[in-house]
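Biologist: I'd like to learn how to read a structure one feature at a time. Could we go through one together?
Modeller: Gladly; let's put it on the screen.

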Amino acid sequence: MNLTLDKSTLSVMFENPAFYKDSQDYLCRGGKIRCITEITPENTQKCKELLNLNYELRHLDEIKCVMVVNDSEYMAATVFGKGQPMTQIIYSNSDDVVVQGQYLFETLWSNSISALKRIKEIELEIEPIKTQVLENAQEAASNIYKVIMESKNLSVCCTADYMQLISKYYLDINKKMIEKHHEGKSKAIRWITSINDNKDIDVVNAFTRDPLKIRHTSERLPINFVVSDKYIASTTENTIGGNNFFSHLLLSNDPLYVEHFYHIFNKIWKQSVVAEDRIKELTDSEFFKARIISNPQKSLRLIKKYYSLAQKDILIILPSFNGLIRMERSKNLEKLNELASDGILVKILIIQSQGMDYLREIKKNYSHIKFRTTQINFPIYHRITIIDKTTTIILKIKDDTITNTPIALGITTFIDGQTTALSYTGIFETIWNQAEMFESLKKINEKLHSHKRMQQEFLGMIAHELRNPIQPIIGLTEYVKDKIKDKRQIELLDSVINCGQKLNALTENLLDVSHIEDNIFSIDKKKFDLSKSISNIIKIFDNLLRKTGKKIEFRFNYSEKEYFIVADRNRIEQALSNLIHNSIKSISRKPNVEKQGIISIRIKELTTTMTTFTNSSRYGKKKGQIIEISIEDNGQGIDSKIMRDLFKKFKSTDGYGLGLYISRKIIEAHGGNIFADKKKKDGAKFIISLPMLTKELK
């Protein structure tokens, strides 16, 4: 039985003693109840009672659907308030309606979360991961206040206009941040902005220096954001003169967002300069110095001297590969490679992309230097060098086709000043990042094409597999409509049901494969007796075989001994059922069908060293107690052609398709192993090993 209840309906249900008693009786008879509701602080206790009744309970935000569906019946009711009886109920036992109701429930179930997880969040006051866009200005402002006041670490990246906005509207926040810092509740606050004129200087000076650490960046900030140890708040709107208030705010506590923006901030922070130095640069007229040298030989000697004085980085833009040839012949690359090996960051950007073979050779010979080419031609015709973001060297190229260095070069301009250096650094980094982005997009594009091919193959397989069961369902249903009721009708309806079951099983397998591929394959581990589960599976298959008239005997070495494991019972039973189902099909395909089929299942405890698997496909060796389950049949056996790829998906259409692949993923997700006995000549034998629950945990 599957239930969906909104939070008010849940309360009403539990105020009805008959509902509580009926649930107990149903579960005691061996029934299984899955329920989806919205778990809130108000109904947490009632949800715990449901869990104590052995309900399978999950949480879904703001669910408003009241529905009950089982194997043959469907019922839905309007959502009602507390204390109000249900006035309208929709009931149906139509197969189509029931299947649709089951599909709706499974969709909601797959999008819900564990009740235990939600209850833990409520009781421990853990804030759920949430990402939202706020459009209300007041709401956005209050959330920024929350981000700042609840965080231990704070990093702000914004334009000077936004700083002016903050100085007008958030001076009290500034004061409280300082108070928190002095009380030892937060670390120093880092702030990145752009300081370009006297107005920006005034805004920066308006902020208290301690504990603020303010830096200047020459990069154009695409967004304004605040990132802390818990949150990220970001807006892309422009605020001119500190007069316009933002109206859209991206707010998230998702660790992926926080880590991403923290990485962006640190990258900009490393490339920025201290605000005091930037202000001095803007206010000190003597800070900017430039000189021009017309002698190429003298220029080259001076350039090498500047290389030797570098402390952090050397950035070079070359208009073409000929410039690279000239640098190699003049021994400049050799000098730069030595500096790079000593820890100086050396990056050379080549604008024109012709000559990739030559570049590959250069990269081998000068491995400490970082090289990059761009696929877009920029109007840069000189060699530009930026050293430590303080010195800029512009070397004029008279004739770029000439590879002789002195002949090709013209006058050289040396500029000492952060303003110019940062401007050219911005140009360099922009082109460099665009080239990097192009390479990333190229790789992504290749992956997308590969994914598209896989998707097409996958859809083709779906169409192929679904075509056979769907057509009999439609054809036989239409045939039954035109016939007078008799025994033949029952046979036809049985065929329809059989096809529907095949379709449902295939759909479930495809859904499981999709979850496995997307790394969202859920495992809910609990302690249970594996031998009892196997006995229940055998009973289910026995009943099905009696209806079909197939002669297959199950032999299971069942004893009173219990084999406890901690695992997802439903998933383990799914894997075992897949193997048994394969054995039944293998026996049915055997030419000697008059001979009785036998499926032997054995379970035993071993002490051994086994290979353990995880969802990340990593594995290792581990010694300990394991449970080994073997499933052996006297069927047709396994074709040797597919033995090597037996557990891969979509390798065959004769029964070894999705089932074995899903079974392998289930077993490996539990740290176990599964394999087929390659030495067996008659029939097939599969062996599963799973970690056993230790006596201490029992």
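Biologist: What does the accessible surface of the protein chain come to, and what percentage belongs to carbon and sulfur atoms?
Modeller: One caution before the number: this is a predicted model. The accessible surface of the protein chain is about 39400 Å², and carbon and sulfur atoms hold 51% of that.

Biologist: What percentage of the residues in the protein chain is buried?
Modeller: A residue counts as buried when its relative accessible area is under 20%. Of the 698 residues in the protein chain, 44% are buried.

Biologist: How many helices and strands are there in the protein chain?
Modeller: The chain has 21 helices and 29 strands. For contacts between residues at least 6 apart in sequence, 73% join residues at least 24 apart.

Biologist: Let's look at a sheet. What is the strand order in the open sheet of 7 strands?
Modeller: Read across the sheet rather than along the chain. The order is β6-β5-β4-β1-β2-β3-β7, and the pairing is mixed. β6 (89-92) and β7 (113-114) stand at the edges with a single partner strand each, so one side of each has no neighbour in the sheet. Helix α1 packs on this sheet, where it touches β1, β2 and β4, and its direction makes about 115 degrees with that of β1.

Biologist: How many bridges join β1 to β4, and in which sense do they run, parallel or antiparallel?
Modeller: There are 3 bridges, and the two strands run antiparallel. To find the register, look up one pair: Thr 4 has Met 67 in β4 as its bridge partner.

Biologist: How many residues of α1 are buried?
Modeller: For a helix, list the buried residues and then ask what they pack against. In α1 (residues 7-14), 7 of the 8 residues are buried, so to speak of the helix as mostly covered is fair. The buried residues are Ser 8, Thr 9, Leu 10, Ser 11, Val 12, Met 13 and Phe 14. They pack against elements that include α2 (17-28) and α3 (44-52), as well as β1 (2-5), β2 (34-37) and β4 (66-69).

Biologist: Now loops. Is Thr 40 buried or exposed?
Modeller: A loop position can be judged by the same area test as any other. Thr 40 is in the loop between β2 and α3, and its relative accessible area of 10% makes it buried. Beyond its neighbours within four places in sequence, Thr 40 is in contact with Lys 7 and Ile 122.

Biologist: Where is Glu 62, and what is its phi?
Modeller: Glu 62 is in the loop between β3 (56-59) and β4. Its phi is positive, about 55 degrees, although Glu 62 is not a glycine. Glu 62 counts as exposed, because its relative accessibility is 61% and the cut-off for exposed is over 50%.

Biologist: Which other residue has a positive phi of about 55 degrees although it is not a glycine?
Modeller: Lys 389 is one. Lys 389 sits in the loop between β20 (382-387) and β21 (391-397), and at 12% relative accessibility it counts as buried. The hairpin of β20 and β21 has 3 residues between the strands, and there Asp 388 takes a positive phi near 55 degrees.

Biologist: How many bridges do β20 and β21 share?
Modeller: They pair over 6 bridges in the antiparallel sense; one of the pairs is His 382 with Lys 396 in β21. On to the next strand: β21 is joined to β22 (residues 409-416) by 6 bridges, again antiparallel, and Ile 397 stands opposite Leu 409 in β22. Since 6 of the 7 residues of β21 are buried, this strand is largely enclosed by the rest of the structure.

Biologist: What does Ala 310 touch, not counting residues up to four places away in sequence?
Modeller: Ala 310 touches Ile 344, Ile 387 and Asp 388. Ala 310 lies in the loop between α12 (296-309) and β17 (313-318) and is buried at 7% relative accessibility. The C-alpha atoms of Ala 310 and Lys 389 are 9.9 Å apart in space, while the two residues are 79 residues apart in sequence.

Biologist: Finally, which residues make the nonpolar surface patch of about 400 Å²?
Modeller: The patch is made by Met 437, Leu 441, Ile 444 and Leu 448. To place it, start from Met 437, which is in helix α17 (residues 418-481).

Methods
Residues numbered from 1 in each chain as written. Predicted model: local features only at pLDDT ≥ 70, side-chain atom pairs only at ≥ 80, totals over all residues. Heavy atoms only, no water. Patch = residues over 30% accessible without salt bridge, like charges linked within 9 Å, V, L, I, M, F, W, Y side chains within 5 Å. Areas by Shrake-Rupley, 256 points an atom, 1.4 Å probe, with all protein chains shown as cover. Salt bridge = Lys/Arg side-chain N within 4 Å of Asp/Glu carboxyl O. Helix = DSSP H or I, 4+ residues; strand = E, 2+ residues; numbered from the N terminus. Buried < 20%, exposed > 50% of the residue type's maximum accessible area, 1.4 Å probe, protein only. Contact = heavy atoms within 4.5 Å. Pairing = 2+ DSSP bridges. Axes fitted to C-alpha atoms, helices over the stretch in contact; angles between N-to-C directions.
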